[in-house]
Amino acid sequence: MNRSKSSWDKKAPYHPATRVTRSSSSQARHRNPAEFQDCEPSPYGKQRKRQTDSALAQDLSQMSVSATDVLTTSKGKMSKGSAHPVQTGQSPSAAKSSSRGGLASVARLVKLGRCKNVLVVAGAGISTASGIPDFRTPGTGLYANLEKYNLPYPEAIFNIDYFSNDPQPFFSLAKALYPGRHRPNYIHYFIRMLNHKGLLLRMYTQNIDGLEKLCGIPDEKLVEAHGSFATASCHLCYTAYPAEEAEQAIMNDNIPICTFCAATVKPDVVFFGEDLPQKYFLHTEDFPKADLLIIMGTSLQIEPFASLVNTVRSNVPRLLLNRHAVGPFEKVTLRKRDHMELGDLEDTVRRFAEMLGWNSEIEELMRSQETE
Ligand code: CNA
């Protein structure tokens, strides 16, 4: 389905000529000049196609893309065992060895005052400690628990064409995800502490749970790249709709209807095939400026968000905090300044905070905010 009107029309443009939609795999590459400074080949290869709005077809075709993508070199060949630095399937030994000492090295840099423009790129893994399941963790992830919605494939729940025909599965899920049922955890407060210390350039989150705002990360420091429940609009004509009324309808198992065209209203969570919010394009200014990139709790499977991590300058340290290696960290040869610390995110972030000497301040901040 081609959408007749872009959601760009309804919000203040940063880059009016550009349009970027969300896709479930690494198809849309950023054309940020900064990435060309990167001396390593693109982990996504030359086989990327331009995105289309035919989200359903796209999602279906991408169901198997991720696994093959990770075996594709920048020259588009299957290349396991090549001498060149290529992206391969996750190599546990590479992952393990490169994780050693990473946290301490980055903590040292921060303590030395070398990191004053820190970017955080985050995903659902930062909120699992708050009791919200992520997408892809086997067993507990949302995708593993969608049988009751009778979907043709898991991603359909966030597919705009599917929603157009049957909004019920998403609305059922939305009831569980709506902000208000969960509290921010230590990880959210760690990021707030980065801001409190004057080090946070910006946080780019894919999460739609609103926990970043709830823990006090200010609006101007936050890019909710996949939207949020804070606003709602018609999924067809984009006419704004009061968010509280949409929430009320969804909570009562009703369908909110657009007052202008009578199509279904949905919270402004970005679905596959939909435009990302204008604010997302702050990345073109932010990423070339960054002096540290922290990637946490994301599988880096959703584009264009995933490619952001490749747009910092090549000499900028990148720290991955996750349960397993993802995105460019799956390469056998990492960038010289890539570090990763694998394991439970909350444990890792606590250790990081202790190394930085911030732990008691974070605990205190958490106590006072949560009491409020
Ligand atoms: P994902 O694909 O489910 O990946 C999550 C990543 O976090 C995986 O690599 C996990 O291994 C890792 N992870 C999960 N829990 C932990 C933990 N405790 N310790 C360490 N690592 C952990 O989710 P992404 O965020 O990458 O995908 C983007 C989607 C998910 C966005 O579009 C979101 O809207 C969507 N989502 C958001 C939420 C939320 O707002 N809380 C919840 C579920 C899905």
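## Sheet, helix pair and largest pocket

In this predicted model, S233 stands opposite A240, a residue of strand 5. Strand 5 pairs with strand 4, which spans residues 227-234, in the antiparallel sense over two bridges. Together with strand 6 these strands form an open, antiparallel sheet of three strands in the order 5-4-6. Strand 5 and strand 6 are the edge strands, each pairing on one side only. Helix 9 packs on the sheet, where it touches strand 4, strand 5 and strand 6. The direction of helix 9 makes about 90 degrees with that of strand 4.

The elements of this region have the following residue ranges.

| Element | Residues |
|---|---|
| Strand 4 | 227-234 |
| Strand 5 | 240-241 |
| Strand 6 | 265-269 |
| Helix 9 | 243-251 |

A further packing arrangement involves helix 11 (residues 345-356) and helix 12 (residues 359-371), whose axes lie 7 Å apart at an angle of about 120 degrees. The two helices, helix 11 and helix 12, are therefore oblique to each other. On the side of helix 11 the contact is made by R350, A353 and E354, which meet N359, I362 and E363 of helix 12. Classified by residue type, this contact of helix 11 with helix 12 has three charged, two nonpolar and one polar residue.

The largest pocket holds about 700 Å³ of space. Its lining consists of 37 residues, and A124, G125, D134, F135 and G297 are those nearest the centre of the pocket. By class, the lining of the largest pocket divides into 15 nonpolar, 15 polar and seven charged residues.

How values were computed. Residues numbered from 1 in each chain as written. Predicted model: local features only at pLDDT ≥ 70, side-chain atom pairs only at ≥ 80, totals over all residues. Heavy atoms only, no water. Pairing = 2+ DSSP bridges. Helix = DSSP H or I, 4+ residues; strand = E, 2+ residues; numbered from the N terminus. Contact = heavy atoms within 4.5 Å. Axes fitted to C-alpha atoms, helices over the stretch in contact; angles between N-to-C directions. Parallel < 35°, antiparallel > 145°, perpendicular 65-115°, else oblique. Nonpolar A, V, L, I, M, F, W, Y, C, P; charged D, E, K, R; others polar. 1 Å grid on protein atoms, 1.4 Å probe; cavity = no way out; pocket = protein on both sides within 12 Å on 5 of 7 lines; lining within 4 Å. Points joined across faces, edges and corners; volume = space filled by probe spheres on them.
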